[in-house]
Amino acid sequence: MHLGVCYYPEHWPENKWESDARRMAEMGITRVRIAEFAWSRMEPEPGRYEWAWLDAAIATLSRHGLELVLGTPTAAPPKWLVDAHPDILPVRHDGGVLQFGSRRHYDISSPIYREHCARIVETMVRRYGDHPAVVAWQTDNELGCHDTLPTYTQAALQRFRQWLGQRYETIAALNASWGNVFWSMEYHSFDEIELPHRTPTDVNPAHALDFRRFQSEEVASFHALQADLIRRHAPGRDVLHNFMGFYAAFDHYAFARGPLDVAAWDSYPVPRTEVLPLPEAQKHRWARTGHPDVSAFSHDLYRGVGKGRMWVMEQQAGPVNWAPFNPVPQPGIVRLWTWEAFAHGAELVSYFRWRQCPFAQEQMHSGLNTPDDALSPGGREAAQVARELRNLALPADDLRCTRAPVALLFDYEAQWVVETQRHGADIDYQHIVFEWYSALRELGLDVDVVSARAEVGEYRLVVAPTLPILPPSVVEQIERGSSHWVFGPRTGSKSPAFAIPSQLPPGELQRVLPARVVAAESLRPSIRPALRFEEVDGCALRWRDHVEAGAATETIVRFDDGMPAVLRCHRVTYVAACFDQAVLHAVMANCVRAAGIQAMPMPEGLRLRRRGPLRMAINYGDRPQAVPASARAKFVLGGPVVGPVDVAAWIEED
């Protein structure tokens, strides 16, 4: 377990670099990310490179024993490149062209931009690829950030047409798949197809879904272009990208099937809680700490994306600048976030940033140091974690995450389907997924977030909060396995071509759960179908499927109006609506028991996580809580009562 920091030597006089590096090492930081936005300093004019400053920065940092993560600078193309090739600028859904003056002002589909990216990356990696202090390379930065995906450029259009030609081979096949007989949308050639935007009313959902699939592959190939050069000239170094929390504009699982060693992500719990579609009461309750499951969810997601290898590349260390409201985090929470990341399998937690920048767009974004070079409150907490890590003294081989009892199926295509056809103003795929994840975590369970196409036969419980396009492997695994499965509403509601299945939803799931969804409704806030489940009163919110159960399917509970709410056939359960928190928790607890898993309901704000022999309790709440440790437990952090905004870690002695 390592601590790191993001550092921008180009922002500071060179005479500060030495003391910065010395203080980093003294604090306990071991890894430093640099250079990911410095293209204009590397190549101030076309073809004229200036490496002396970066040579000196790398030498200074490595002289103090710091290992380096170099970022490729392609997230911020310089002005001369934009002026020479203005067609590299991205175009938004409304046709507006994004301009130079911040970052991410480029189109991933532009062949010209890809050529320049390959050139600067290869030049950079040839220079530093074998440097002994450079242990990893990050491609670009937060691909798709600032709503720059999808992009609607002419380059994207040309590549999309080629992609469609390869996928469908004939225009007749495309017309049939998309249902283009509707509204006379039929094409005579692939060259007639436009991008799915700026139409008088809804675009064809099949057209929109294919465009999202295409854009996802574009992101993966843009990363692979750079990663392949890094592999060639920097063998043995880790290749990573820093993904974002709750971001699904491209398929991260497909991305990771390419050249990627580590799934890193950027953790900002307080602003992320603010921008998620959570109830106002929850946003207020967790305004200074972040919701207890917001970071945990992304830790578990990216641990799966990275096939067990996950880093936090940017960890919030104080107030930030980009949410609607940006409160100062509660004392102790930066330390808690760090230990929570380690508990969920992080190999590295790297804070953003070393020193708060007093100029430009992020001057209100804090760091480990204030602009006058004093440690910030977050910096002092990071130093405390470093001291605690030195005292932990556990071999790395003992700290691998073991398989959780529960797998949660996550699907990027499900996000695109729901975005394309919400059918309700407040329907949000990741919100539904997060509610299920949080309910399981509140039962004291570890959860692995895995691809909907993953092999999950060894899990005792598999949950799919909603899976509109049902992968064939899911039903096949149910038929041959012994796991208990739980599916949420809208599952199996669409074919891969974005059409209603001929046998009605839930489609092929009917092989293991005989039932038909004969209608689906989105629920305005004033419509709340009521039910009582195992002595818990509650209601449906936002969405409800109207289900007719087959002869072999049992209706576990009905709404007060008689409609089935929860159905089960042997090991398969179908949840026909989005429920309020109380009923959802009761349903999840029922399914956990049915799967033979022992739950341990948590008090507000307390969460558990296991990493190898370490068991950790993470208390987001404002009251002390007793941890579920035995009398033989050996505590390596904290004790048997974990205080407010605090953590405890222990090993159960045999």
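This is a dialogue on how to read several features of a predicted model.

Biologist: Before looking at details, which domains does the assignment give for the protein chain?

Modeller: Since this is a predicted model, I would begin with the broad divisions and then move to local features. The domain assignment of the chain gives domain 1 (2-86 + 129-148 + 238-395), domain 2 (406-595) and domain 3 (606-652).

Biologist: How far apart do the C-alpha centres of domain 2 and domain 3 lie, and how many residues are in contact?

Modeller: The C-alpha centres of these two domains lie 33 Å apart, and the contact involves seven residues of domain 2 and four residues of domain 3.

Biologist: At what angle do helix 12 and helix 16 pack?

Modeller: Helix 12 (residues 294-305) and helix 16 (residues 429-441) pack at about 100°, and their axes are 10 Å apart. An angle from 65 to 115 degrees counts as roughly perpendicular, and therefore helix 12 and helix 16 are described as roughly perpendicular to each other. On the side of helix 12 the contact is made by V294, A296, F297 and D300, while helix 16 contributes V433, F434, Y437 and R441. By class, the residues of this contact are six nonpolar and two charged, with no polar ones.

Biologist: How is empty space in a structure found, and how many cavities of 30 Å³ or more does the search find here?

Modeller: The general idea is that a probe the size of a water molecule, rolled over the atoms, shows where empty space is left. In this model, a search of the whole structure finds three cavities of 30 Å³ or more. The largest cavity holds about 60 Å³ of space, and its lining consists of R104, Y106, D107, I108, G144, T148, L149 and T151. Those lining residues divide into three nonpolar, three polar and two charged.

Biologist: Which residues line the second largest cavity?

Modeller: The second largest cavity, with about 50 Å³ of space, is lined by G245, W265, D266, S267, Y268, P269, R272, V294, S295 and S298. Strand 6 (262-267), helix 10 (269-275) and helix 12 are the elements that give two or more residues to this lining, which is made up of four nonpolar, four polar and two charged residues. V294 thus links two parts of our reading, since V294 belongs to the contact of helix 12 with helix 16 and also lines this cavity.

Biologist: Turning from cavities to pockets, what is the volume of the second largest pocket, and how many residues line it?

Modeller: The second largest pocket has a volume of about 820 Å³ and a lining of 37 residues, of which R303, K307, G308, R309 and C401 lie nearest its centre. The elements that give two or more residues to this lining are strand 4 (134-138), helix 9 (252-256), helix 12 and strand 10 (447-451). By class, the lining has 15 nonpolar, seven polar and 15 charged residues. Domain 1 and domain 2 each supply at least three residues to the lining of this pocket.

Biologist: Finally, what should I look for in the backbone, and where are the cis peptide bonds of P150 and R353 found?

Modeller: For the peptide bonds, look at omega. A cis peptide bond joins L149 and P150, with omega about -10°, and P150 is found in the loop between strand 4 and helix 6 (154-168). L149 is also one of the residues that line the largest cavity. Another cis peptide bond joins F352 and R353, with omega about -5°, and R353 has its place in the loop between strand 8 (346-352) and helix 14 (377-392).

Biologist: What is the phi of F498, and where is the place of F498?

Modeller: F498 has a positive phi of about 65°, although it is not a glycine, and its place is in the loop between strand 12 (484-487) and strand 13 (515-522).

Methods. Residues are numbered from 1 along each chain as its sequence is written. This is a predicted model: local features need pLDDT of at least 70, side-chain atom pairs count only at pLDDT 80 or more; totals for chains, interfaces and linings use all residues. Side-chain values use heavy atoms; hydrogens and water are left out. Axes are lines fitted to C-alpha atoms, for helices over the stretch in contact, and angles run from 0 to 180 degrees between N-to-C directions. Helices (H or I, at least four residues) and strands (E, at least two) are DSSP runs, numbered from the N terminus. Angles under 35 degrees count as roughly parallel, over 145 as roughly antiparallel, 65 to 115 as roughly perpendicular and the rest as oblique. Contact means heavy atoms within 4.5 Å. Ala, Val, Leu, Ile, Met, Phe, Trp, Tyr, Cys and Pro count as nonpolar, Asp, Glu, Lys and Arg as charged, and the others, Gly among them, as polar. On a 1 Å grid over the protein atoms alone, a cavity is a set of points where a 1.4 Å probe fits but cannot get out, and a pocket is an open set with protein on both sides within 12 Å along at least five of seven lines; lining residues have an atom within 4 Å of a point. Grid points are joined across faces, edges and corners, and a volume is the space filled by probe spheres set on the points. Domain bounds come from an automatic or database domain assignment.
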